[in-house]
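Here's a quick tour of the model on your screen. We'll start where the ligand sits, then step back to the whole chain and pick out a few residues worth a look.

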Amino acid sequence: MTPATITLKPGKDQSLRRRHPWVFSGAIARLQGEVVEGEAVTVLAHTGEVLGVGHYAPGSIAVRMLDFGPDAQLPEAAFWEEKLRNAYQLRQGLALTGQGNTNVYRLAHAEGDGLPGLIIDVYGDVAVVQAHSAGMYRARPHIAAALQAVVPGLRAVYDKSAETVPAKAAPGAQNGYLFGESSGQEHIVHENGHRFVIDWETGQKTGFFIDQRDNRSLLARYAPGRRVLNTFCYTGGFSVYALEAGAELVHSVDSSKKAIELTERNAALTPHADRHEAYAQDVFSFLKDRHNQYDLIVLDPPAFAKHLSARHNALMGYKRLNVAGIKQIAPGGLLFTFSCSQVVSMELFEGAIMAAAIEAGRPARILHRLTQPADHPVSLFHPEGEYLKGLVLAVE
Ligand code: SAH
């Protein structure tokens, strides 16, 4: 069967020629042939020249590109294996695939790996797949087979797409194993030699926030002897690093009881759990009456803005949170503050944090500007892929 084709309006081929991976619906002159959401289409310039192949979806982003150029092929088994092999080799070269003291890593970071709509996180011998598009959802059997071919020693592949795939494209989608099964035992991974229990079946997102790995290492450098507060702690990533590095005490806060249980479990895997306390509480209420008792505070909230329309309110939210946080830092202390909202640029984030320091009446200096680690690469042609921003401030 010949695939459907999409022909672009004149002039709308430029971004694709620069390898930006999205075709917006407004750029389309006509669609020829039959295509359902998630199937592959060939994209043509208005002259008829083939520009590439991508997954079709009837929304504002109409095509997510998988391959560019006149020789672009429809994605068959070999395509998935090649893409995932490239992705694996990159992580192997970064010493993340278990040869050193880390065996938890992001194997596929959507556009950053030429796979728009696909996230794959690897936890030792288990891979967790999250499809954010109908196209990737339909491709799961190919993806699971390619993973088995590419990742040595893989025991299971879990599909965690039910919350992320567009509901209309996959009504009634259920999470479950594409290959292998649960071992029925606690699953422990290593990150920079620190141990963490991962629960991909019931945890948030794919089960662990791998994107803070490098920033946790930086925190470990500054944690010795300090009183540390880790807010929005989820599984306690920053808390474990701080404890192992020799923090005087570590307090962890998250509104989710399940997150606090995970944090306590992970702290118990260190020999320093006696210096740790965890609170299942709203961060804003927790921060109200702490009286400058911390030397280092981490503020790592969930994305406050998921869309451009929410950006203004998100900036106000970051400011309000950071005012509350900065006020609780002892003079000379450090603030590690983050935004994982893709639509909030570093410049806007810095502006919000500056406004917070002014309102809190505490002069502050920027020591570090932080971002996501190398296994969350950003395509030069898709700068939107840089979503994590962080600042380390010295607060007077
Ligand atoms: N810092 C974590 C990831 C944070 S994810 C890490 O390194 O792994 C965001 C967390 O914020 C979630 O666990 C969620 O339960 C929690 N959360 C969201 N809103 C909150 C609130 N108002 N108060 C406390 N925790 C909150």
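## Around the ligand

Start with Asp 254: an N or O atom of its side chain sits 2.6 Å from an oxygen atom of the ligand. The protein covers 88% of the 590 Å² of accessible area that the ligand has on its own. Keep in mind as you look around that this is a predicted model.

Two other polar pairs are easy to find. The side chain of Arg 216 places an N or O atom 2.9 Å from a ligand oxygen. With Phe 232 the backbone does the job, as one of its N or O atoms lies 3.1 Å from a nitrogen atom of the ligand.

Who else is there? The shell around the ligand counts 15 residues, and the closest are Arg 216, Asp 254, Asp 282, Val 283 and Asp 300. Sorted by class, that shell holds seven nonpolar, four polar and four charged residues.

## The chain as a whole

Zooming out, the chain is built from 10 helices and 20 strands. Its C-alpha atoms fit a box of roughly 70 × 45 × 40 Å along the principal axes. The radius of gyration is 22 Å, which agrees with the value near 21 Å for a compact globule of 396 residues.

Of those 396 residues, 54% count as buried. If you take the contacts with a separation of 6 or more, 64% of them link residues 24 or more positions apart. On the outside, the accessible surface comes to about 17100 Å², and carbon and sulfur atoms own 51% of that.

## Ser 339

Ser 339 belongs to strand β18, which runs over residues 329–339. Its relative accessibility is 0%, so Ser 339 counts as buried.

The side chain of Ser 339 has polar company. It makes a 3.1 Å polar contact with the side chain of Tyr 318, and a polar atom of the Ser 339 side chain lies 3.2 Å from the backbone nitrogen of Ser 341. Setting aside residues up to four places away in sequence, Ser 339 touches Tyr 318, Val 344, Phe 349, Tyr 387, Leu 388 and Lys 389.

## His 109

Now hop over to strand β7 (residues 104–109), where you'll find His 109. Is this histidine buried or exposed? His 109 counts as buried, because its relative accessibility of 8% is under the 20% cut-off.

His 109 and Arg 106 share a side-chain polar contact of 3.3 Å. Beyond four places in sequence, the contacts of His 109 include Arg 91, Leu 118 and Ile 119, and also Gln 372, Asp 375, His 376 and Pro 377. Tyr 387 is another contact of His 109, and Tyr 387 also touches Ser 339.

## Two positive phi angles

Ala 95 isn't a glycine, yet its phi is positive, at about 60°. Look for Ala 95 in the loop between α2 (77–93) and β7. With a relative accessible area of 39%, Ala 95 is partly exposed.

Asn 192 is another non-glycine residue with a positive phi, here about 50°. Asn 192 sits in the loop that joins β12 (188–191) and β13 (194–197). Its relative accessible area is 27%, so Asn 192 counts as partly exposed.

Conventions
Residues are numbered from 1 along each chain as its sequence is written. This is a predicted model: local features need pLDDT of at least 70, side-chain atom pairs count only at pLDDT 80 or more; totals for chains, interfaces and linings use all residues. Side-chain values use heavy atoms; hydrogens and water are left out. Helices (H or I, at least four residues) and strands (E, at least two) are DSSP runs, numbered from the N terminus. Buried means under 20% relative accessible area, exposed over 50%, partly exposed in between (1.4 Å probe, protein chains only). A polar contact is a pair of N or O atoms within 3.5 Å; within protein, one must be able to donate a hydrogen and the other to accept it, and residues adjacent in sequence count only if both atoms are side-chain atoms. Contact means heavy atoms within 4.5 Å. A residue is near a molecule or strand if one of its heavy atoms lies within 4 Å of it. Accessible areas come from the Shrake-Rupley method with a 1.4 Å probe; for residues, only the protein chains shown count as cover. Ala, Val, Leu, Ile, Met, Phe, Trp, Tyr, Cys and Pro count as nonpolar, Asp, Glu, Lys and Arg as charged, and the others, Gly among them, as polar. The radius of gyration is taken over C-alpha atoms; the globule rule is 2.2 Å times the number of residues to the power 0.38.
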